[in-house]
Structure formats: structure tokens, C-alpha cells
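Reader: Before I take any label on trust, I would like to hear which cut-off lies behind it.
Author: Then let us go through the labels in turn, setting each value against its definition.

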Amino acid sequence: MTDDLLITLKTTFGYDAFRPLQRDIIEASLAGKDVFALLPTGGGKSLCFQLPALVRPGLTVVVSPLIALMKDQVDQLQAAGVAATFLNSSLGSAESRSRLAGLHRNEWRLLYVAPERLMLDNWQENLKAWNVAAIAIDEAHCVSEWGHDFRPEYRQIAKLRELLPEVPVMALTATATERVRIDIVKHLKLRDPQIYVASFNRPNLTYRVTPKDQPAKQIMEFVKRREHESGIVYCATRATADRTAEALAGRGLPARAYHAGLDADERARNQELFLRDEVRIMCATIAFGMGINKPNVRWVIHYDLPKNIEGYYQETGRAGRDGLPGDCLLLFSAGDAAKQTHFIDEMTNEHERNVARAQLRKMSHYGESAGCRRAELLDYFGETFPLDNCGACDNCLEPRETYDGTLAAQKFLSCVYRIRQASRFGCGANHVIEVLTGADTDKIRRWGHDQLSTYGIGKELGRPQWASVGRELMRLGYLAQSEGEYPTLELTAEGVEVLRSRAPIQLTKALDLPKARRVVRREGEIACDEILFDRLRILRKQLADERKVPAYVIFGDATLRQMAREYPDQEGRMEGIFGMGEKKRAEFGSAFASAIATFLETNPRMTFNE
């Protein structure tokens, strides 16, 4: 069986080896077991149900939430010679009938479908008639209200268990906390599932956070250094997405907006232009991206602070899906957190408000943290990063300066203590800072806090600096913030001890605008002849346009870079090139070999050490 799997992997998909956990997941599914698989974006989730569909008899039904994603994956499978199709509302009635007839004739190995369509009455008869051998539920976190993208229609999928009781079910997701994992297994009624959780680490991604300061200018400078690369700018509002796209387009950069305020045709058109590399930059709200299977997104910018770490991880994960390097930049502003808090306060459900506040607080802590970004992200998902320095985030590459913050910390902690001692209740951070800086407010006078020994003892720092000290003390565990609509600060046991002992405290300087950066070799980098790589990219675009598919359906960037490194100038030398399956080699091999041979007539071969 293992040999058959490897042969299929090589001949159909052009890969020499499985990624972590893929083989285990595939073998468990082929043994008829239910499977829960958590693989990070770019970790090869799709192959876990696509490859078994080719080696087992019958039809594999793939439940997918977005129309664009279905078409994208089916295009890629058909380019590799796989009998795959989809059924959704984008098809006309004649085309739908034709595909349904093909399903009744057992012509297809994979069928992609939206969850709501599965629940239609006539589909129950169809599913029983189609010899369904397996069900794969992609983006399975949509079933959980604790997930970041809950979709009520996903709750209906569990009915398939009653309809097809013997058919094994595979649930797949790229992001889920322990709570969401339990929810998925429960709601999909998975039976004694084999559970596979890969590392959340994306070693090819570099994470950076920088203070938001003239964001339009910051984005422009970032993008201009990446002239030929595709990327996404995530914005909190439709207006910001529109404004940013217009500003970039006004400077001659190919950018479009994507959000729910645009009509469906314009959204679909902009998305298609992005997939086809006609537009390189998408300025979008979080409505964009879940269904994007584009592997060569090289960077992701967050113009605004995301609502939670899970969403941030998912969105940054859209960079570097092909394993080549990707850059993730968050423009951080404490004011963005205040704006988000205002929206949260307008929620009517108290439980949802508290959950949203806690999630936003963790996101803010991530933004201001002086620790390894990678370690913090992994810790959120319950994973420990084993190294002290990841070598691929701003805090590890350019550690922030620390300073002796003992006096400032003592003042802040003392003020929190004195307020609690005098009033028998705690106050929020803003009130503590007003007491420290000697503000004359109605609350301070009414509560007698102008009589405290700590009143006005912090006039040497401005309010933003004190707010930074307070947040740092929370991160260090000396202060805790209560839940609820009006969160108050309290000393922790560690805070009481450090206040009593007057132990020295090192604080980290606030985020500063970036200075010149040292160049480091990045995980996933493939050194190659960049001029040839550009020539091959142009050829790939021509071939893709002729077939009306995105360029990556022909070949991914990793395949082109390997060709631009090894110079296979004859079709027979294409053997072993990453991502070059038999059908693709037969269809495209000679065109690329010819382009390489022509290039070598006037250009010398380069050699690469590593």
C-alpha cells in the first residue's frame, strides 16, 4: 500500500515525499476510520483526501464552504489528470444536469459541494446512489461557535452520519484551539476518530510588528520593495480597504479592494484578477481569503489590529503556502484596540462580549510583546517552541532594548495598591494613570483619590508611556485585569511580592519604527537564476491565460525556481522536478525545456553552493 501511495504521489502530484502526518492520515482514512486532522495552512490538507480518492473505489464527497475554493481545487486536480468536479450555484442548469449525469455514471472520483446543498431533499437519494466511499469536511472549524468563522449551515453536516452510517468521515482544519477541536468531533459525530495535530509552526514565515505611523506611506514603501510579488492588505473596515486600494493604484501599483460592500460580480472579478496575477495586491476585509488557494502570496499586511490571534494566524497563513518565504507585517496602534473595544461594547450578548474582550486583550499583548512572535503564536495553540530565538521575527532579529524600570513599576503597582486599599474597589488602567499624573477629574475628587500618597507622583511620564508600563506589568504577571465591561486592575501575588521586596524590574522599551535590517537567509528560500525565473513566470502566465486558469494551476513558484536552478533544457531532464507529475510533464514539459534552452543560448549557467 505504501508503495502504491508513493507512486500515486509522484506520478499524479509530482512530489517525492509526504509532508508530516500526511501518510498517517491517508492510511487511517483508507482503513475506514474517522479522522480529525489539524494541519497548518500550507501543510498539505487537501492531499489527505485527494490521494485516497484516487486509490479507493467510489466517490469522495468534499464539503467546502466557498465557491471560489471549489473551482480552484478542481482546476488544479483536472490539470493533474484527476477526475474531479464541483456542484454549486455558479453553474447553469444545463451544466449542473451534465455533471449530475456523470455522477450517476460513476465518472468522477471527487465531488466538491457546499454544505447547504447536501441537505436538499433530492440529494439524499443521490448520495445513496453514488457509491460514496468517503466524506471530507474542509474548514471544519466552521462547525464550532468557538471557532473564528462559525457557519450555522455546517451544523447540518452531521445528518450525513445517519444517511451514510458506514462511510468514513475526515474533518480537516488549519486552525483550532483545544476547545474547538472537541467541538468539531462532537458536532460532526466522529466515531472514535484518529486525531492528528501537526505543528502550528510555519518556519518559512517572518513575523514583524511595527508602530502604525502614516500607514499608507508604510504600506507603499513595503510594497515597492516587492515589485513582482503578490500580497494581501487586511483592513478592519470597507472604507479603509477602498481607500488603501485607491492610494496604491494611484501610485501605479496593481491593487483592488475586496469586501462585502461590493456587488458580487465586482468581488468575483477582483478575486479572479488576483488569482490570475493581473492584480498583485488585494486590500480586503476578513471576508477575503478563506477560499483562496493561491500558493504564491508572498506577504500579508495587517493595516488594523485583528480581533483575535486565531484569525490573525489564519490570515498570515495565506502567505507562503508553497513553502517559499513569506513576510507578515502588523501595523500596531493601541488606538486600534480602543476602537475594537468600542465595537465589542455594542454587542448585546454578555458572554460574547467577554469572550471578544479576552481575545482582543491577547491580541494586543502579542502586538506589544518583546518576546519571540513565533513562540507566542504557538503558545496560544498549546504548543511550545523549542528554541530561544526563532531567527525570523522582529524581536528575535532585532531584540528591543530593556531598561531599569524598577521605579516606574513600583509607582504603578503602588498606585493600584493604594486605590484598592482606600476605596475597597479596583479601577481601570486609565483611572490609575490619571491618579499617577495628577489629573483633576470628577471621579478623582469624588473618590478622594487626590488625597492618596501616589497622587501626582508620575508626572515625569506622559499618559501613553504609563499605559505602556501598565501593559508591560500585565504581561510580566504583576498585574491582572478583570473580565467584564469595566475591567479593573489588581495586583497578583507576584505583584504584591515584588512591591514588598522592591526587587529590580527590567522593562522593555515600547515598539519603535524599524531601522535598517540585516539580511538573513530565510527558511524555504530556493536560490536560483532570477532572470530565468522571470522568463519562466511569463511563459507560465501565457499558458495559464490560454487555458483560462490561474498561473499556479500550471506550476507553483517552487517548481519554476527549481527549473531556474537546475536548467532542465530537455523534456527528459524534467524528471524529479518538484510538482511535475506525469500529465503536467507531458503537457508542459517541452514548452519549459525549450524556453530554458533558448535562454541558455545567450546566458551562462549559474552555480549555487547550498
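Reader: Why is Asp75 called buried?
Author: In this predicted model, Asp75 has a relative accessible area of 15%, and buried means under 20% relative accessible area, exposed over 50%, and partly exposed in between (1.4 Å probe, protein chains only), so Asp75 is called buried. Residues are numbered from 1 along each chain as its sequence is written. Local features need pLDDT of at least 70 and side-chain atom pairs count only at pLDDT 80 or more, while totals for chains, interfaces and linings use all residues, and side-chain values use heavy atoms, with hydrogens and water left out.

Reader: What makes Lys71 and Asp75 a salt bridge?
Author: The term asks for a side-chain nitrogen of Lys or Arg within 4 Å of a carboxyl oxygen of Asp or Glu, and the side chains of Lys71 and Asp75 meet at 2.9 Å, N to O, so the pair qualifies. Lys71, with a relative accessible area of 35%, is partly exposed. The two residues are 4 apart in helix 4, which means about one helical turn separates them; helices (H or I, at least four residues) and strands (E, at least two) are DSSP runs, numbered from the N terminus.

Reader: How do you know that Glu398 and Arg208 tie together separate parts of the sequence?
Author: Their side chains meet in a salt bridge of 3.3 Å, N to O. Glu398 lies in the loop between helix 17 (394–397) and strand 14 (402–404), whereas Arg208 lies in strand 8 (residues 205–211), so the pair joins parts that are 190 residues apart in sequence. Arg208, at a relative accessible area of 12%, is buried, while Glu398, at 30%, counts as partly exposed.

Reader: What makes Arg547 and Glu587 a salt bridge, and which helices hold them?
Author: Their closest N and O atoms are 3.2 Å apart, and the pair forms a salt bridge. Arg547 lies in helix 23 (residues 530–547) and Glu587 in helix 26 (residues 582–602), so parts 40 residues apart in sequence are tied together. Arg547 has a relative accessible area of 33% and is partly exposed, and Glu587, with 34%, is partly exposed.

Reader: Why are strand 3 and strand 7 said to stand at the edges?
Author: The 7 strands form an open sheet in the order 3-4-2-5-6-1-7, with parallel pairing, where two strands pair if DSSP finds at least two bridges between them. Strand 3 (84–87) and strand 7 (194–197) each have a single partner strand, so one side of each is left without a neighbour in the sheet.
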